[in-house]
Amino acid sequence: MLKFVLCFVVGLSYLWAGNTEITIRLKPVNADSLKIIEPSFSPARPLKENKLLEKIVAYPADYATRKLYQFHIQNFLKLSKRFKEDSVLRASVKSSALPATIDFLERIYPPPPLDDIVSACWLEDDQGNDFFVFDANNDEDFTNDRILEFKDFDQVFAPERSEQYVMAEELVTVEIFDGQKVKTQKMLLAFFKAQKPGGRNLVFFSNRLIRMGELKLDGEVFHCILFTILPDVNYKITDFLWIDLNHDKRYNRKEDFYEQLYQPFTLRNKSYGVKALDIWGRSLTLEELDAQKTPPIAVGLACPEFEVSFIDSTKFSLAQAKGRYLVIDFWMCSDQYCDMMSKKLIEKLSDPNNVYWISCPYGAQSYERLKAKGGIAEDDFRHFVAPHEIERFRRLFQTRTNKVLFVINPQGKIESIENFTQDQTEQILRQILETD
């Protein structure tokens, strides 16, 4: 009898451990109350007069209008209406969207009447100085709103970029639908701009109101934030979870956990995945994943076993790298990274006397852009992951960010996980050669 009870308890504990769920209750907070090293941006696109979402009745005097911006805070409401009334769009969405997305769009139709449009304007005075104004009281009149000066934003969005951002921000009154009723809410919005070499401005909007909660894991409490405060029907693609791993109340991509929700991820040497996200951003449920099916990825742990096909149809497995260093990089061919993947660097990585090397882009289009840059022979692509393997390989290593470098030591363990830059890669190669 005792043996039976023990077996039952052990079996029950095994089942429970394999299905551990953690629910995080989320509440809205202002981003200015947190030390976020890199903000979340959305590209800002100006509108032409014939494309206005709402008519502006008056503009500030003594300023020239450089560009006008208007956008829906809750764009999904407009999408719901189009989804129901546009048969072509409905067919397109149904062929590609998640079932939860389709269900959500159907449930909120007809959308409630509300004014969730925010207007903003980039201004210039007669001296050529830039200013900005938000329609803060939502009356389609800029003349009774504050004219904002741009101020320095002393953290740069991407550390590897050289441009410095300046910003203008304002509390804006908007109407939002919270799933039950329409209510008026103040929201802190920011407009960022950065001068690129050659004179072209990069411009972004940032919603400075986010969701924050506490993650309780193995007796330890972590603060975490989610970059959404409104329904996001495509959360598996776009939303990011940020966890303050070192408890310093500073959210830094290099030191803390930061990754897209639909990828599995590792915390405290265990793999987790998102089981559910409340569509209104009020809670997030994580579940512990089977370590056999989804091995945890962290420095000091064994590299997961794999076999992957290269673009030239050859195959490579972890077993082939045993006894030698293996470098795996994940990248995306923006202009900067196409330049970084130079002939010289590829030759160093391709030399079997140095390391074994696997290169995995963000998608098949990255290959085309890299080829278009020229100077790289077809044979140099022999270490690159085949397009049909990219998604599986990225998921195995739990990475969706564009630039990550893994170093696997001769014993098959993950020795380091680094930001993938040319300087970092060359430094690692030097260290490996010195070790050998």
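Here, buried means under 20% relative accessible area, exposed over 50%, and partly exposed in between (1.4 Å probe, protein chains only). Helices (H or I, at least four residues) and strands (E, at least two) are DSSP runs, numbered from the N terminus. The model is predicted, so local features need pLDDT of at least 70 and side-chain atom pairs count only at pLDDT 80 or more, while totals for chains, interfaces and linings use all residues. Residues are numbered from 1 along each chain as its sequence is written, and side-chain values use heavy atoms, with hydrogens and water left out.

**Exercise 1.** Find the buried residues of helix α2 (residues 75-85) and work out where they sit around the axis.

- Step 1: pick out F76, L77, S80 and F83, the buried residues of α2.
- Step 2: check the arc, taken from the directions from the helix axis to the C-beta atoms.
- Step 3: these residues cover only 120 degrees, which puts them on the same side of α2.

**Exercise 2.** Lay out the open sheet of 4 strands.

- Step 1: the order is β1-β20-β19-β18, with antiparallel pairing (two strands pair if DSSP finds at least two bridges between them).
- Step 2: β1 (21-25) and β18 (265-267) are the edge strands, each pairing on one side only.
- Step 3: zoom in on β19 (residues 270-277) and β20 (residues 283-288), which pair over 5 bridges; A276 stands opposite T285 in β20.

**Exercise 3.** List what I328 touches, leaving out residues up to four places away in sequence.

- Step 1: contact means heavy atoms within 4.5 Å.
- Step 2: the partners are I358, F393, F397, V404, L405, F406 and I408.
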